Amino acid sequence: MKARNRVLVTGGAGFLGSHLCDRLIQEGNDVICVDNLFTGSKDNIRHLLGNPYFEFIRHDVTEPLYVEVDQIYNLACPASPPHYQHDPIKTAKTSIYGAVNMLGLAKRVGARILQASTSEVYGDPEVHPQPESYRGCVNPIGLRSCYDEGKRMAETFFFDYHRRHQVDIKIMRIFNTYGPRMDPSDGRVVSNFIVQALKNEDITVYGDGMQTRSFCYVDDLIEGMVRMMESRDGFTGPVNIGNPGEFTMLSLAEKVIELTQSGSKIIFKPLPSDDPMQRRPVIELAKKELDWEPTIELEEGLTRTIRYFEELLGIIK
(Lines give C-alpha, C1' and ligand atoms only; values in the text may rest on other atoms or scores of the structure.)
Protein backbone atom coordinates (compact mmCIF):
# COMPACT_ATOMS: atom_id res chain seq x y z
CA MET A 1 0.00 0.00 0.00
CA LYS A 2 1.34 3.44 -0.93
CA ALA A 3 2.36 5.57 2.07
CA ARG A 4 0.16 8.57 2.76
CA ASN A 5 2.26 11.68 2.13
CA ARG A 6 1.71 14.88 4.06
CA VAL A 7 1.52 17.50 1.32
CA LEU A 8 1.41 21.29 1.62
CA VAL A 9 -0.16 23.27 -1.23
CA THR A 10 0.32 27.04 -1.04
CA GLY A 11 -2.22 28.94 -3.10
CA GLY A 12 -4.40 25.87 -2.66
CA ALA A 13 -7.72 27.71 -2.88
CA GLY A 14 -6.88 29.15 -6.28
CA PHE A 15 -7.74 27.91 -9.76
CA LEU A 16 -4.81 25.51 -10.15
CA GLY A 17 -4.27 24.89 -6.45
CA SER A 18 -7.80 23.61 -5.84
CA HIS A 19 -7.54 21.16 -8.75
CA LEU A 20 -4.20 19.98 -7.36
CA CYS A 21 -5.74 19.48 -3.90
CA ASP A 22 -8.49 17.36 -5.50
CA ARG A 23 -5.90 15.19 -7.23
CA LEU A 24 -3.75 14.76 -4.11
CA ILE A 25 -6.74 13.83 -1.93
CA GLN A 26 -7.93 11.41 -4.61
CA GLU A 27 -4.51 9.73 -4.51
CA GLY A 28 -4.73 9.20 -0.75
CA ASN A 29 -2.55 12.00 0.57
CA ASP A 30 -2.96 14.15 3.68
CA VAL A 31 -3.26 17.69 2.30
CA ILE A 32 -2.70 21.05 3.98
CA CYS A 33 -4.08 23.87 1.82
CA VAL A 34 -2.67 27.32 2.58
CA ASP A 35 -4.12 30.49 1.03
CA ASN A 36 -4.63 34.12 2.09
CA LEU A 37 -7.72 34.29 -0.17
CA PHE A 38 -6.49 37.41 -2.00
CA THR A 39 -7.34 35.76 -5.33
CA GLY A 40 -8.25 32.27 -4.11
CA SER A 41 -11.73 31.35 -2.92
CA LYS A 42 -13.16 28.98 -0.33
CA ASP A 43 -15.78 28.08 -2.94
CA ASN A 44 -13.04 26.26 -4.87
CA ILE A 45 -12.33 23.94 -1.93
CA ARG A 46 -15.70 23.89 -0.19
CA HIS A 47 -16.28 20.28 -1.26
CA LEU A 48 -13.07 19.24 0.51
CA LEU A 49 -13.59 20.98 3.85
CA GLY A 50 -15.32 17.99 5.45
CA ASN A 51 -12.64 15.52 4.39
CA PRO A 52 -10.59 14.31 7.41
CA TYR A 53 -7.44 14.28 5.28
CA PHE A 54 -7.82 17.90 4.14
CA GLU A 55 -6.98 20.96 6.21
CA PHE A 56 -7.33 24.62 5.24
CA ILE A 57 -5.12 27.29 6.81
CA ARG A 58 -5.65 30.98 6.02
CA HIS A 59 -2.10 32.26 5.88
CA ASP A 60 0.09 34.61 3.84
CA VAL A 61 3.28 32.95 2.60
CA THR A 62 5.22 36.19 3.04
CA GLU A 63 5.21 35.12 6.71
CA PRO A 64 6.94 31.90 7.87
CA LEU A 65 4.85 28.76 8.30
CA TYR A 66 5.68 25.89 10.65
CA VAL A 67 4.19 22.53 9.68
CA GLU A 68 5.53 18.99 9.25
CA VAL A 69 5.19 17.81 5.65
CA ASP A 70 6.84 15.52 3.10
CA GLN A 71 6.16 17.56 -0.03
CA ILE A 72 5.48 21.24 -0.79
CA TYR A 73 3.81 22.61 -3.91
CA ASN A 74 4.45 26.37 -3.96
CA LEU A 75 1.67 27.88 -6.10
CA ALA A 76 0.95 31.04 -4.07
CA CYS A 77 0.92 34.19 -6.23
CA PRO A 78 -1.69 36.16 -8.20
CA ALA A 79 -1.41 34.96 -11.81
CA SER A 80 -3.56 37.24 -13.96
CA PRO A 81 -2.37 40.72 -15.00
CA PRO A 82 -5.24 42.68 -13.36
CA HIS A 83 -4.69 40.82 -10.08
CA TYR A 84 -0.91 41.00 -9.93
CA GLN A 85 -0.86 44.63 -11.11
CA HIS A 86 -3.46 45.60 -8.48
CA ASP A 87 -0.73 45.49 -5.81
CA PRO A 88 2.58 44.97 -7.61
CA ILE A 89 4.71 45.26 -4.48
CA LYS A 90 2.65 42.58 -2.74
CA THR A 91 2.90 40.39 -5.86
CA ALA A 92 6.70 40.60 -5.92
CA LYS A 93 6.88 39.95 -2.17
CA THR A 94 4.64 36.90 -2.52
CA SER A 95 6.93 35.37 -5.15
CA ILE A 96 10.19 36.25 -3.41
CA TYR A 97 9.44 36.03 0.32
CA GLY A 98 7.06 33.14 -0.30
CA ALA A 99 9.81 31.19 -2.06
CA VAL A 100 12.30 31.91 0.73
CA ASN A 101 9.85 30.91 3.47
CA MET A 102 8.79 27.70 1.73
CA LEU A 103 12.40 26.79 0.92
CA GLY A 104 13.29 27.39 4.57
CA LEU A 105 10.47 25.06 5.57
CA ALA A 106 11.62 22.43 3.06
CA LYS A 107 15.16 22.69 4.41
CA ARG A 108 14.03 22.30 8.05
CA VAL A 109 11.78 19.29 7.51
CA GLY A 110 13.60 17.63 4.59
CA ALA A 111 10.66 17.99 2.19
CA ARG A 112 10.76 17.95 -1.58
CA ILE A 113 9.50 21.28 -2.93
CA LEU A 114 8.04 22.17 -6.33
CA GLN A 115 7.93 25.74 -7.59
CA ALA A 116 5.08 26.69 -9.90
CA SER A 117 7.02 29.08 -12.12
CA THR A 118 5.71 30.54 -15.34
CA SER A 119 6.29 31.06 -19.02
CA GLU A 120 6.39 34.77 -18.15
CA VAL A 121 10.06 34.26 -17.20
CA TYR A 122 10.67 34.26 -20.99
CA GLY A 123 9.12 37.74 -21.31
CA ASP A 124 8.43 38.88 -24.87
CA PRO A 125 10.55 36.13 -26.42
CA GLU A 126 13.10 36.62 -29.16
CA VAL A 127 13.26 32.82 -29.54
CA HIS A 128 10.18 30.93 -30.70
CA PRO A 129 9.02 28.44 -29.53
CA GLN A 130 10.61 28.67 -26.10
CA PRO A 131 12.91 25.91 -24.78
CA GLU A 132 13.97 25.80 -21.14
CA SER A 133 17.47 26.89 -22.17
CA TYR A 134 16.19 30.29 -23.39
CA ARG A 135 16.99 32.97 -20.81
CA GLY A 136 14.20 35.35 -21.74
CA CYS A 137 13.64 38.98 -22.71
CA VAL A 138 12.01 40.64 -19.71
CA ASN A 139 11.54 44.33 -18.95
CA PRO A 140 12.67 44.67 -15.31
CA ILE A 141 10.84 47.98 -14.78
CA GLY A 142 7.60 47.39 -16.70
CA LEU A 143 4.03 46.98 -15.49
CA ARG A 144 4.35 43.19 -15.61
CA SER A 145 7.77 42.97 -13.99
CA CYS A 146 6.38 42.48 -10.47
CA TYR A 147 5.19 39.06 -11.64
CA ASP A 148 7.82 38.24 -14.29
CA GLU A 149 10.84 39.22 -12.21
CA GLY A 150 9.31 37.90 -9.01
CA LYS A 151 9.02 34.45 -10.56
CA ARG A 152 12.53 34.70 -12.02
CA MET A 153 13.90 35.60 -8.59
CA ALA A 154 12.02 32.67 -7.04
CA GLU A 155 13.78 30.32 -9.47
CA THR A 156 17.10 31.88 -8.41
CA PHE A 157 16.39 31.19 -4.75
CA PHE A 158 15.33 27.62 -5.53
CA PHE A 159 18.60 26.81 -7.26
CA ASP A 160 20.70 28.58 -4.61
CA TYR A 161 18.99 26.62 -1.81
CA HIS A 162 19.57 23.45 -3.85
CA ARG A 163 23.26 24.18 -4.41
CA ARG A 164 23.97 25.59 -0.95
CA HIS A 165 21.71 23.50 1.27
CA GLN A 166 20.92 20.45 -0.92
CA VAL A 167 17.18 21.17 -0.79
CA ASP A 168 15.32 18.73 -3.08
CA ILE A 169 13.77 21.10 -5.64
CA LYS A 170 11.57 20.81 -8.71
CA ILE A 171 10.75 23.75 -11.00
CA MET A 172 8.06 23.78 -13.67
CA ARG A 173 7.26 26.67 -16.00
CA ILE A 174 3.52 26.84 -16.54
CA PHE A 175 2.17 28.10 -19.87
CA ASN A 176 -1.37 29.47 -20.26
CA THR A 177 -3.80 27.14 -18.51
CA TYR A 178 -7.60 27.25 -18.49
CA GLY A 179 -10.58 25.27 -17.23
CA PRO A 180 -13.30 25.17 -14.56
CA ARG A 181 -12.80 27.34 -11.46
CA MET A 182 -11.21 30.19 -13.34
CA ASP A 183 -12.36 33.47 -11.81
CA PRO A 184 -14.79 35.06 -14.30
CA SER A 185 -13.36 38.51 -13.52
CA ASP A 186 -9.66 37.71 -13.34
CA GLY A 187 -8.85 39.23 -16.73
CA ARG A 188 -7.34 36.14 -18.33
CA VAL A 189 -8.12 35.77 -21.99
CA VAL A 190 -10.07 32.48 -21.96
CA SER A 191 -12.36 33.48 -19.09
CA ASN A 192 -12.76 36.98 -20.54
CA PHE A 193 -13.83 35.69 -23.95
CA ILE A 194 -16.19 33.05 -22.57
CA VAL A 195 -17.94 35.38 -20.12
CA GLN A 196 -18.31 38.10 -22.75
CA ALA A 197 -19.66 35.60 -25.28
CA LEU A 198 -22.14 34.06 -22.85
CA LYS A 199 -23.45 37.53 -22.02
CA ASN A 200 -23.54 38.47 -25.72
CA GLU A 201 -21.23 41.39 -24.98
CA ASP A 202 -18.51 42.64 -27.31
CA ILE A 203 -15.43 40.43 -27.14
CA THR A 204 -12.36 42.52 -26.43
CA VAL A 205 -9.26 41.65 -28.45
CA TYR A 206 -6.12 43.65 -27.80
CA GLY A 207 -3.86 44.79 -30.63
CA ASP A 208 -4.67 43.26 -34.01
CA GLY A 209 -5.38 39.84 -32.49
CA MET A 210 -2.42 38.24 -34.23
CA GLN A 211 -0.43 37.67 -31.03
CA THR A 212 -0.35 33.97 -30.18
CA ARG A 213 -0.70 31.81 -27.07
CA SER A 214 -0.77 28.12 -26.27
CA PHE A 215 -3.59 26.89 -24.05
CA CYS A 216 -3.31 23.85 -21.77
CA TYR A 217 -6.40 22.36 -20.13
CA VAL A 218 -6.15 22.22 -16.33
CA ASP A 219 -6.34 18.41 -16.06
CA ASP A 220 -3.32 18.06 -18.33
CA LEU A 221 -1.43 20.68 -16.35
CA ILE A 222 -2.10 19.00 -13.00
CA GLU A 223 -0.97 15.66 -14.44
CA GLY A 224 2.31 17.27 -15.46
CA MET A 225 2.70 18.91 -12.06
CA VAL A 226 2.24 15.65 -10.15
CA ARG A 227 4.61 13.82 -12.48
CA MET A 228 7.21 16.54 -11.93
CA MET A 229 6.93 16.18 -8.15
CA GLU A 230 7.34 12.41 -8.46
CA SER A 231 10.15 12.58 -11.05
CA ARG A 232 13.55 10.99 -10.49
CA ASP A 233 15.99 12.25 -7.88
CA GLY A 234 18.38 14.81 -9.29
CA PHE A 235 16.05 16.09 -11.99
CA THR A 236 15.37 19.65 -10.87
CA GLY A 237 14.05 21.19 -14.07
CA PRO A 238 13.08 23.79 -14.97
CA VAL A 239 10.67 22.02 -17.29
CA ASN A 240 8.00 23.56 -19.52
CA ILE A 241 4.47 22.31 -18.93
CA GLY A 242 2.01 23.56 -21.52
CA ASN A 243 0.27 22.73 -24.75
CA PRO A 244 2.39 23.37 -27.88
CA GLY A 245 -0.72 24.05 -29.98
CA GLU A 246 -0.51 27.73 -30.94
CA PHE A 247 -3.50 30.00 -31.61
CA THR A 248 -3.96 33.69 -32.34
CA MET A 249 -6.15 35.71 -30.01
CA LEU A 250 -8.47 36.42 -32.93
CA SER A 251 -8.92 32.72 -33.75
CA LEU A 252 -9.58 31.97 -30.05
CA ALA A 253 -12.28 34.66 -29.94
CA GLU A 254 -13.89 33.25 -33.08
CA LYS A 255 -13.81 29.71 -31.66
CA VAL A 256 -15.46 30.84 -28.41
CA ILE A 257 -18.22 32.64 -30.34
CA GLU A 258 -18.80 29.48 -32.39
CA LEU A 259 -18.94 27.15 -29.38
CA THR A 260 -21.21 29.42 -27.33
CA GLN A 261 -23.40 30.26 -30.34
CA SER A 262 -23.06 33.85 -29.21
CA GLY A 263 -24.14 37.01 -30.96
CA SER A 264 -21.07 38.85 -29.68
CA LYS A 265 -18.99 41.04 -31.96
CA ILE A 266 -15.22 41.32 -31.77
CA ILE A 267 -13.80 44.76 -30.99
CA PHE A 268 -10.15 45.79 -30.90
CA LYS A 269 -8.36 47.82 -28.23
CA PRO A 270 -4.72 48.96 -27.84
CA LEU A 271 -2.20 46.29 -26.83
CA PRO A 272 -1.20 46.50 -23.12
CA SER A 273 2.39 47.37 -22.19
CA ASP A 274 4.93 44.52 -22.51
CA ASP A 275 2.30 42.05 -23.71
CA PRO A 276 4.22 39.18 -25.38
CA MET A 277 3.54 38.67 -29.08
CA GLN A 278 4.29 34.93 -29.10
CA ARG A 279 4.18 32.19 -26.54
CA ARG A 280 4.56 28.46 -27.20
CA PRO A 281 6.47 25.85 -25.20
CA VAL A 282 8.99 23.32 -26.36
CA ILE A 283 7.97 20.24 -24.33
CA GLU A 284 10.58 17.70 -25.40
CA LEU A 285 12.10 17.67 -21.90
CA ALA A 286 8.70 16.94 -20.32
CA LYS A 287 8.17 14.10 -22.81
CA LYS A 288 11.56 12.62 -22.02
CA GLU A 289 11.71 13.04 -18.24
CA LEU A 290 8.03 12.87 -17.26
CA ASP A 291 6.55 10.89 -20.16
CA TRP A 292 4.07 13.76 -20.31
CA GLU A 293 2.28 15.61 -23.06
CA PRO A 294 -1.20 17.17 -23.17
CA THR A 295 -4.10 15.03 -24.34
CA ILE A 296 -7.09 17.41 -24.32
CA GLU A 297 -7.58 19.44 -27.49
CA LEU A 298 -8.60 23.10 -27.33
CA GLU A 299 -12.19 22.59 -28.55
CA GLU A 300 -12.89 19.88 -25.96
CA GLY A 301 -11.32 21.93 -23.17
CA LEU A 302 -13.22 25.06 -24.16
CA THR A 303 -16.49 23.12 -24.26
CA ARG A 304 -15.93 21.88 -20.69
CA THR A 305 -14.97 25.36 -19.53
CA ILE A 306 -17.99 26.98 -21.21
CA ARG A 307 -20.24 24.47 -19.46
CA TYR A 308 -18.72 25.49 -16.11
CA PHE A 309 -19.27 29.21 -16.76
CA GLU A 310 -22.84 28.61 -17.95
CA GLU A 311 -23.59 26.96 -14.62
CA LEU A 312 -21.69 29.63 -12.65
CA LEU A 313 -23.53 32.48 -14.39
CA GLY A 314 -26.89 30.73 -14.29
CA ILE A 315 -27.22 30.65 -18.07
CA ILE A 316 -29.70 28.04 -19.28
CA LYS A 317 -29.56 26.83 -22.88
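**Side-chain contacts in a predicted model**

E284 and K287 both belong to helix 8 (residues 284-290), where they are three residues apart, about one turn of the helix. The model in which they sit is a predicted one, and its side-chain contacts include 22 salt bridges and five aromatic pairs, whereas the number of disulfides is zero. The points below take up these contacts by topic, with the burial of the residues involved.

**Salt bridges**

- Within helix 8, E284 forms a salt bridge with K287, and the closest N and O atoms of this pair are 3.6 Å apart. E284 is partly exposed, at a relative accessible area of 49%, and K287 also counts as partly exposed, at 33% relative accessibility.
- Salt bridges with shared partners join R23, E27, E223 and R227 into one network.
- D60 forms a salt bridge with K90, with the closest N and O atoms 2.4 Å apart. Because D60 lies in the loop between strand 3 (54-58) and strand 4 (71-74), while K90 lies in helix 3 (residues 88-109), this pair ties together parts that are 30 residues apart in sequence. K90 counts as partly exposed, with a relative accessibility of 25%.
- D233 forms a salt bridge with R112, and here the closest N and O atoms are 2.6 Å apart. D233 is placed in the loop between helix 6 (218-229) and strand 11 (239-241), and R112 in strand 5 (residues 112-118), so the pair ties together parts that are 121 residues apart in sequence. D233 counts as exposed at 64% relative accessibility, whereas R112 counts as buried at 12%.

**Aromatic rings**

- The rings of Y178 and F215 have centres 6.5 Å apart and planes at 85°, so this pair is edge-to-face. Since Y178 lies in strand 7 (residues 177-178) and F215 in the loop between strand 9 (212-214) and strand 10 (216-217), the pair ties together parts that are 37 residues apart in sequence. Both Y178 and F215 are buried.
- Y178 also pairs with Y217, the ring centres being 5.6 Å apart and the planes at 70°, so this pair too is edge-to-face. Y178 is in strand 7 and Y217 in strand 10, and the pair therefore ties together parts that are 39 residues apart in sequence. Y178 counts as buried at 0% relative accessibility, and Y217 counts as buried at 4%.
- Elsewhere, ring pairs link Y122, Y134 and F175 into a cluster.
- An aromatic ring also takes part in a contact with a charge, for the charged end of R4 sits over the ring of Y53, at 3.5 Å from its centre.

**Cysteines**

- What keeps C21 and C33 from counting as a disulfide, given that the structure holds zero disulfides? The cysteine sulfur closest to that of C21 is the one in C33, and because it lies 4.4 Å away it is too far for a bond, the cut-off for a disulfide being a pair of cysteine sulfur atoms within 2.5 Å.
- C216 is likewise in no disulfide, and its nearest cysteine sulfur, that of C21, is 18 Å away.
- C21 is buried, with a relative accessible area of 0%, and C216 also counts as buried, at 0% relative accessibility.

Note on methods. Residues are numbered from 1 along each chain as its sequence is written. This is a predicted model: local features need pLDDT of at least 70, side-chain atom pairs count only at pLDDT 80 or more; totals for chains, interfaces and linings use all residues. Side-chain values use heavy atoms; hydrogens and water are left out. Buried means under 20% relative accessible area, exposed over 50%, partly exposed in between (1.4 Å probe, protein chains only). A salt bridge is a side-chain nitrogen of Lys or Arg within 4 Å of a carboxyl oxygen of Asp or Glu. Helices (H or I, at least four residues) and strands (E, at least two) are DSSP runs, numbered from the N terminus. Rings of Phe, Tyr and Trp (its six-membered ring) pair if their centres lie within 6.5 Å; planes under 30 degrees apart count as stacked, over 60 as edge-to-face and the rest as tilted. A charge sits over a ring if NZ of Lys or CZ of Arg is within 6 Å of the ring centre and within 35 degrees of the ring normal.
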